Amino acid sequence: MSDTQTLIENRPPSVAALFLERVASTPEAEAYRYPVPAASGTGPDDWKSLTWAQTADRVTAIAAGLVELGVNPEERVALASSTRVEWILADLGILCAGAATTTVYPQTNAEESAYILSDSQSRVLVAENAEQVAKAVAKRDELPDLTRVVVVDAEGVETDDFVITLAELERRGAARLEKEPELIKERVAAITKDQLATLIYTSGTTGRPKGVRLPHDNWAYMARAIPATGMVHADDVQYLWLPLAHVFGKVLISGQIAVGHVTAVDGRVDKIIENLPVVQPTYMAAVPRIFEKVYNGVAAKAKAGGGAKYKIFQWAAEVAREYAKVTQDNFRRTGTASAPLGLRTKHGIADKLVYAKIREAFGGNLRACISGSAALAPDIGFFFAGAGVHILEGYGLTESSAASFVNPGEAYRTGTVGKPLPGTEVRIADDGEILLRGPGIMQGYHNLPEKTSEVLEEDGWFHTGDIGELSPDGYLRITDRKKDLIKTSSGKYIAPAEVEGQFKAVCPYVSNILVHGADRNYCTALIALDEAALTAWAAENGMEGKSYADIVAAPATVEMVDGYVKQLNEGLQRWQTIKKFRLLPRDLDVEHGEITPSLKLKRPVVEREYKHLIEEMYEGAREA
């Protein structure tokens, strides 16, 4: 057995245990950096640090505070907050108390938040601010299990027996620890590997999110397996901005605790560009949309600089792609990332003119980026690879604790999601579906045994719903999606049928609607109107006698439908909203093969036929 296998197989039962080991091993080493607004209220943020020992002081106080509130092992504590250092402290506190974290996106509306709190039977809610507290207070009558709300930023919040501050929770915990100094060590020692650690709710086709049950062993396995890939080092500085309510963000904490490197935490997306030169990370994880934005920004800046500058950028972009393809191909064949002299010369010139500035924008120390949660467009991946910003694509799901595959360091291949993590098995089913088995796979869906049995076989194989192919040397390429859910480039799942159904309920003139957004940065829609209803509306609006195509093309019709789209968007989560739409020149029908005889929409056919309209709606969203 290799050292890696031994390390993974002899993992502790929980990340809570690993955390206490880390604190004992390197108490004075820096653990986290976090921004604090400048005292003057203007200018750049000040960055503060916590050592592992200081982190432990706060984590154990939070854990003991939860015990003081009556939270028992495996009982749920919900966490509704953006990414910030307190999220990590609270999550570790929950785990060290032996309880389980229910993650809630701060953008989630009050109704869905209440559903998650109710379904998970969460006893306590850690809420970021007044906005998050208000959602819980408004639905308090529907949440009999919720006994307390703990608020991080108390500004504008009235505290009482039901709502207390995080500082107060820590104070109560510290007092409890004075009486029982071994309390948290005992709680952590009692955690078993199969004990529930996290409930992460993921959107389903029914409209109600499903709670994915992830036990402590999932995170302990990830903590050992991620460093085993060589992806993270003890001297790394990670920049962590991803939503920690999402499994991709949360898994990054596990690997960091195992290795002990520094993590700079700030979830404000609008601060990324400002923070990178300050933090100077050696690695960071992101979703494809971030790389698209950087690429678009560079291209737009070049365009604004005039024709000559833009031509230089376009030339440099093509050189970067060619260089990346050639060097990756040569590395695969010979083990050396070489390129012909002529290409190396062009690449060197382009580096001075363009690429060096891009690397500088990322902080100048970046060894690699990890991209996951959705597919990265290969032309974007090759561009950054050629520019010296190495993007290692990975693959996983909430149900597999996020990290099932990742590209291996220098041997990464753009367009693939790399190789399985040590200890994870993969096979391709007869229909091309990717099946996974290993210590990262969920226990099942919370309170949904039938849904669990649909995807999880008795022998442990998990059906991902994605279609893929394996290269002879084990690299996975995702080729399609078996299930009908779409995922935006920001990593959000959307059930198009749900949005389409809601629009049909809102708009009386719609016949068919197709929502598009897979691997895009926003959703769009193709809308076909009902001819009879539309003709009647047209007669009342000065278009009597006009053809269907003429009515659809009229600005007044577009404006009318736009009103219904806006109405639809008001009831959707932000990432589900329709940003643009196009009206089709005719209705969809069986004759053209666009709908089945049972009137089900044939998405691939419609998307293929109206590809030009779809592309038109994304023009300018990403430079080609």
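**A salt bridge, two helix contacts and a surface patch**

R11 forms a salt bridge with D217, and the closest N and O atoms of this pair are 2.8 Å apart. The pair links distant parts of the chain, since R11 sits in the loop between α1 (3-9) and α2 (15-25) while D217 belongs to helix α9 (residues 216-228), 206 residues apart. The structure, which is a predicted model, holds 31 salt bridges.

**Helices α2 and α9**

- The axes of α2 and α9 come within 8 Å of each other and cross at roughly 45 degrees, and because angles of 65 to 115 degrees count as roughly perpendicular and those under 35 degrees as roughly parallel, α2 is described as oblique to α9.
- On the α2 side the contact is made by V15, L18 and E21, and on the α9 side by W219, A220, A223 and R224.
- Sorted by class, the residues in the contact of α2 with α9 are five nonpolar and two charged, with no polar residue.

**Helices α4 and α10**

- Helix α4 (residues 85-96) and helix α10 (residues 247-259) have axes that come within 12 Å and cross at roughly 75 degrees, which means that α4 is roughly perpendicular to α10.
- From α4, the residues W87, I88, D91, L92 and L95 take part in this contact, and they meet K250, I253 and I257 of α10.
- The residues of the contact of α4 with α10 divide into six that are nonpolar and two that are charged, while no polar residue is found there.

**A nonpolar patch on the surface**

- Four named residues, I312, W315, I349 and L353, make a nonpolar surface patch of about 340 Å².
- The elements giving two or more residues to this nonpolar patch are α13 (307-334) and α14 (341-361), and L353 is one of the patch residues that lies in helix α14.

**Points to locate in the model**

- Which residues of α10 meet α4? They are K250, I253 and I257.
- Where does D217, the salt-bridge partner of R11, lie along the chain? D217 is in helix α9, whereas R11 is in the loop between α1 and α2.

Notes: Residues numbered from 1 in each chain as written. Predicted model: local features only at pLDDT ≥ 70, side-chain atom pairs only at ≥ 80, totals over all residues. Heavy atoms only, no water. Axes fitted to C-alpha atoms, helices over the stretch in contact; angles between N-to-C directions. Helix = DSSP H or I, 4+ residues; strand = E, 2+ residues; numbered from the N terminus. Parallel < 35°, antiparallel > 145°, perpendicular 65-115°, else oblique. Contact = heavy atoms within 4.5 Å. Nonpolar A, V, L, I, M, F, W, Y, C, P; charged D, E, K, R; others polar. Patch = residues over 30% accessible without salt bridge, like charges linked within 9 Å, V, L, I, M, F, W, Y side chains within 5 Å. Areas by Shrake-Rupley, 256 points an atom, 1.4 Å probe, with all protein chains shown as cover. Salt bridge = Lys/Arg side-chain N within 4 Å of Asp/Glu carboxyl O.
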